[in-house]
Amino acid sequence: MDRIEINSLTFEELKEFMLKLGEKSYRGEQVFTYLHRSKCIDIDELHLLPKDLRENLKVISKVRKMDIYKKYISKIDNTVKYLFLLEDMNIIETVVMEYKHGYSICISTQVGCKMGCSFCASTKEGLIRNLTPAEMVNQIYLAEKDLNINISNIVLMGSGEPLDNFENTLRFIDIISHPKGHNISLRNITLSTCGLVPRIYDLAEENLPITLSISLHSPFDDERKKIMPIGRRYSIDELIEACKFYVNKTNRRITFEYTLIENVNDRDIDVKELGKILKGLKCHINLIPLNPISEYNEDRPSRKNIERVQKELMKFNISVTIRREMGGDISASCGQLRRSVTQKNK
Ligand code: SAH
């Protein structure tokens, strides 16, 4: 029988788990706090527990672990990129950025990705597997321990499509924000999706005050389908409809990510149409200059053109920012670092 991964259980699930073992539910609370506040990684470290309970736990459960495989530190802005080695030898990528208001981490939710966006390095070898909640929290705990910092912001924008790993992502959010554990504010968590429409409705029903971020990248179905295969499954109309539902339900402002690709989605007609479809929606646009990858033969617009797009969009009364680039010298936003290693190992 597979042992239960106890650091993937939510607070409530851990209490249930203990009750089923014939223990008091407060034992579940203790274990949760050990795992997610003290960041213990070994059942033997759970000193408050009686020895026979610890021994029993070791037989039926385990703490999912991972290790730092490589670490890169930017000389420009101290951004740190980690490659983590999972128990099954897969590798994932995580980035820690320092801002004025604290530390922010960009975590992966899957090994690889099956969404197939043409400009994205994470998807080039398809989906290998989903990450478990423990593997998501571990990215945060290992980085915090290694850098001796406290992370206050989390973005689910690393490799993978979080809404394609829906249950585990929700569990992760529950665990990392729980007051008896790490206690990160839900408002400081951003979930980024390429637009799995039914899952956006499901997420809205959860009514969490997290920030939902939608990768839009084109206001035209024909063009979007070319760069994002998910556009063949759900039209932009359907996607925007789901976004409106989300905003109404949660009263949270939505972010739209828009990766700027020269002559593909930065033309006047793109900007006008984008402004038109988002006008009046409680939203924010984040312009991301394309990070060119070898498998995608397009470039980013010039700085001047990026700023022009921003200015034009602002005329629609939408707030628009240009993503600041961090860690430019340590290669590799968007899964490029992991890919450079997996390619070499072949
Ligand atoms: N699967 C999720 C989250 C991961 S990608 C999603 O699609 O939103 C995070 C963001 O980076 C997305 O907006 C994605 O489209 C963008 N991105 C991926 N590769 C990129 C590249 N090479 N240049 C610029 N942005 C990229």
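**Burial, bridges and bonds: the reasoning**

Colleague: Where does Asn168 lie?

Modeller: Asn168 sits in helix 5, residues 166-177. Bear in mind that this is a predicted model.

Colleague: Why is Asn168 called buried?

Modeller: Buried means under 20% relative accessible area. Asn168 has 17%, so Asn168 counts as buried.

Colleague: What does Asn168 touch?

Modeller: Leaving out residues up to four places away in sequence, Asn168 contacts Asn130, Leu131, Thr132, Pro133 and Met136. A contact here needs heavy atoms within 4.5 Å.

Colleague: Turn to the cysteines. How many disulfides does the structure hold?

Modeller: Zero.

Colleague: What makes Cys117 and Cys194 fail as a disulfide?

Modeller: Distance. The cut-off is 2.5 Å between the sulfur atoms. The sulfur of Cys117 is 5.4 Å from that of Cys194, its closest cysteine sulfur, so the pair is too far for a bond. From the other side, Cys194 has the sulfur of Cys117 as its nearest cysteine sulfur, and Cys194 is in no disulfide.

Colleague: Are these two cysteines buried or exposed?

Modeller: Cys117 has a relative accessible area of 10%, so it is buried. Cys194 has 5%, so it is buried too.

Colleague: Now salt bridges. How many does a search of the whole structure find?

Modeller: The search returns 25.

Colleague: Why is the pair Glu55 and Lys58 called a salt bridge?

Modeller: The side-chain nitrogen must be within 4 Å of the carboxyl oxygen. For Glu55 and Lys58 the N to O distance is 3.5 Å, so the pair qualifies. Both residues are in helix 3, residues 51-60, three residues apart, which is about one turn of the helix.

Colleague: What makes Glu55 and Lys58 partly exposed?

Modeller: Partly exposed is the range between buried, under 20%, and exposed, over 50%. Glu55 has 34% relative accessibility, so it falls in that range. Lys58, with 27%, does as well.

Colleague: What N to O distance do Arg64 and Glu87 have?

Modeller: It is 3.9 Å, within the 4 Å limit, so their side chains meet in a salt bridge.

Colleague: Why do you say that this pair ties parts together?

Modeller: Arg64 is in the loop between strand 2 (61-62) and strand 3 (66-73). Glu87 is in the loop between strand 4 (80-86) and strand 5 (91-99). The bridge therefore joins parts 23 residues apart in sequence. Arg64 is buried at 12%, whereas Glu87 is partly exposed at 39%.

Colleague: Which class does each partner of the Glu223 and Lys226 bridge belong to?

Modeller: Glu223 has 16%, so it is buried. Lys226 has 61%, so it is exposed. Salt bridges with shared partners also link Glu5, Lys62, Arg64, Glu87, Asp88, Arg129 and Glu135 into one network.

Colleague: Last, helix 11. What span does helix 11 reach?

Modeller: Helix 11, residues 303-314, has 12 residues and spans 17 Å from first C-alpha to last. The expected value, at 1.5 Å a residue, is 16 Å, and the span is close to that.

Colleague: Which residues of helix 11 are buried, and why do you speak of one face?

Modeller: Ile306, Val309, Gln310 and Leu313 are buried. Down the axis of helix 11, the buried residues fall within an arc of 100°, so they line one face. They pack against strand 12 (254-260), helix 10 (268-278), strand 13 (283-289) and strand 14 (319-322). The face turned away from the buried side carries the exposed Lys304 and Lys311.

How values were computed: Residues numbered from 1 in each chain as written. Predicted model: local features only at pLDDT ≥ 70, side-chain atom pairs only at ≥ 80, totals over all residues. Heavy atoms only, no water. Helix = DSSP H or I, 4+ residues; strand = E, 2+ residues; numbered from the N terminus. Expected span 1.5 Å × (residues − 1). Buried < 20%, exposed > 50% of the residue type's maximum accessible area, 1.4 Å probe, protein only. Arc of directions from axis to C-beta.
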